[in-house]
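User: Could you pick one part of this model and go through it closely with me? I'm happy with an informal walk-through, as long as the cut-offs are spelled out.

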Amino acid sequence: MTNRTIQSLILLSLVYTTTAMFLRLAGGNAHEGRVEVSQDGVTWGTVCNDGWSDYNAHVVCREIGYKWGAAKRARYLYGIGKGPIFLDDVKCNGQESNLASCPHAKWGVNNCVHTEDAAVTCHNDIVRLENGGPNHGIVYVLDDNKTWGVQCGDGFDRNAAVVVCRELGYQHGRDMSIGTYGKVDDVHTKYIQGDILCSGSELSIRQCTSSNTCNQFPYNYGAVVCSNMPILGGNDVRLLGGQNSGLVMTNTAGIWGSVCGSTWDDEDAGVVCRQLGYAGGVPYAFPSNSSMGPYVLGSVNCLGTERRLSDCNRQEKGCVYNDKNIKVAGVLCHQRKAPVLRLIEDRPRVGRLEIEMDGQKGGICDTEWDVIDARVACQQLGYADGDNIRGLEAPYNTTFMSNVQCAKGERSIFECKNDGWSNNRNSASCSGPNNFAGVECYEHAFLASTQSSAMGTTGNVLVFHNKRWYHVCDQDFGPYDAEMVCKELGFPVGVPLISEPIRVDNKFKIFFLQMNCPANGTSLRNCQFNETASCRSRTAPFYPAAYASVLCLQGNANPDIRVHPPTTFPSSLVIQMYGMNGTVCARGWDYKDARVYCRQYGYRMGFTIPTSTVQGANLNNPVVWMSDIGCTGWESDFRMCIRNSVLDKTKTTGACAGGMASVYCI
């Protein structure tokens, strides 16, 4: 069957009702609700929203005494109907005098359920307000085709708001922040009248100049608050949530709503809390909910010295929205001492988080505690990054915060969404002594593939730069760089080590940092960093990439060199220094070195073996201590060949390009 045949059958199935049809709106009021129809005025049924359009709504509303109508879905606005579904596939052209005159499927024939019931809102003006109240909301405008569109936010200002409100019968109007009423969820909604420019004297919003283009996204719409009195706002504030914490609510033209939190900071929170009679406050976050009202204030920029929120500089258009993190302004007010986050350490940079405010101490419940939350907490404590720890014990059962959900970018843990101050909704999971959140925090440097002892630690260098971790390239990594890395980790001595080259598949790209620290630097902040994807080792044959490696030591560390005997043949060398096992690079390794090593352990002779035939030293994260041993062949102790200490910062390090030194003794 062809598409044309199917379309013809559909058209033939549409009929016109020749008998009287009664019509009413249910679940709403006189001008809005679920559309219900009847043939006898006794048995009522609903209309399916298949193909339901503004043209259908115009006809319905004109039939009950209004000029215009807007198509709606009944399910979430007016509830679903009961009983039969009488009409389906209604296809009005907008000019009919009543709904019965519109083509539709046969009476009582449908393929719908009541969740698809049709609804309308009726109007006498070509503008209407949605998502707010009778005098405030998102502006919708009827276009030339007699269909409704969202007024684009591009260019929509105070003059445009005055025109809209005058058209609706009010004397005064104010434009609201972009995104004031949340996002427009209907993906089929069209945006009209972009780049609108009104003088304020127009009688209709359609008389303002505009373009056919709009920067269309779910928050970019015109919104207004209308009044017959001059519109003032921000003089009164209150908190929605708790006694000393909650969402900041303020009043504009009698409308209580929230304040945009995209730029909310300590100064803004302090002003609000002092206005409410507290000593001060900090920004605090709560989950967004439907009871918070519209955003009646955009971004606020207080200096911190103002007595009231209304004294602060305000930008009605300054709110920034993100679908994953819609911020509203909140505060946590204190009487004597601001809340302080501390790390109660079990070992350096690892432990339980504790909060103290107004002399009381408490913890954070570990429900939903994850690595993003830990990262925010560690950065608040002055570290670069962190991992989450759960199930820690505390000497108290008090939890100030629970269900913490950071979304990245918060400046403190108090700005992350949570269940509210001392409001444990998950009380059962937060009541025990072992339900506290903790962290392992990292400095701006980190060593991977580490091996440690009481005297120091070794590993490949990573640095936290521009909000992410980078491996440091071996190229140009020198003594000053190693010293700054180790100082960041709490060690007074740092030495660059021989690194192992990385053989990377060309399909993958690894980004490195090249670092350059000055001789008189005191921290990594004094170093220069450059991102690169073309890292090469410092020595021939210049492998495509090599991680910089470092040895960090306590100031009084003694090498205490120990050479381990061979356990199998062929064998890689195992040398212990500073309490850590390592090996020797094959660069410069020859038969004289092998002879001394083998004779020391009772063998007559020794031979060098190609690295490819050796399985390795079987070490965990081996350190490459040295290369170019330089034995004469007659030393009685292999340690006599090691003339240059690893602490000699003038020696050449670089990548170990030839593999590890190996030997066969006979």
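Analyst: Axes here are lines fitted to C-alpha atoms, for helices over the stretch in contact, with angles from 0 to 180 degrees between N-to-C directions. Contact itself means heavy atoms within 4.5 Å. This is a predicted model, so local features need pLDDT of at least 70 and side-chain atom pairs count only at pLDDT 80 or more, while totals for chains, interfaces and linings use all residues. Numbering starts from 1 along each chain as its sequence is written, and side-chain values use heavy atoms, with hydrogens and water left out.

Let's zoom in on a three-stranded sheet and the helix on it. The helix is helix 9, residues 591–600, which lies across strand 42 and strand 44 and runs at about 140 degrees to strand 42. Helices (H or I, at least four residues) and strands (E, at least two) are DSSP runs numbered from the N terminus.

The sheet is open and antiparallel, with its three strands in the order 39-44-42. Strand 39 (571–572) and strand 42 (606–608) are the edges, and each has a single partner strand, so one side of each has no neighbour in the sheet. Two strands count as paired if DSSP finds at least two bridges between them. Strand 39 and strand 44 (residues 662–665) have two bridges and pair in the antiparallel sense. Look for Ser-571 there: its bridge partner in strand 44 is Val-663.

For comparison, there's also a four-stranded open sheet, with mixed pairing and the order 38-40-41-43. Its edges are strand 38 (562–563) and strand 43 (623–626), each with a single partner strand, so each has one side without a neighbour in the sheet. Inside that order, strand 40 (residues 575–577) and strand 41 (residues 580–584) run antiparallel and are joined by three bridges. One residue to click on is Met-577, which has Met-580 in strand 41 as its bridge partner.

Now for the whole chain around all this. The chain has nine helices and 44 strands. Of its contacts with a separation of 6 or more, 71% are between residues 24 or more positions apart. Buried means under 20% relative accessible area, exposed over 50%, and partly exposed in between (1.4 Å probe, protein chains only). By that cut-off, 52% of the 666 residues are buried.
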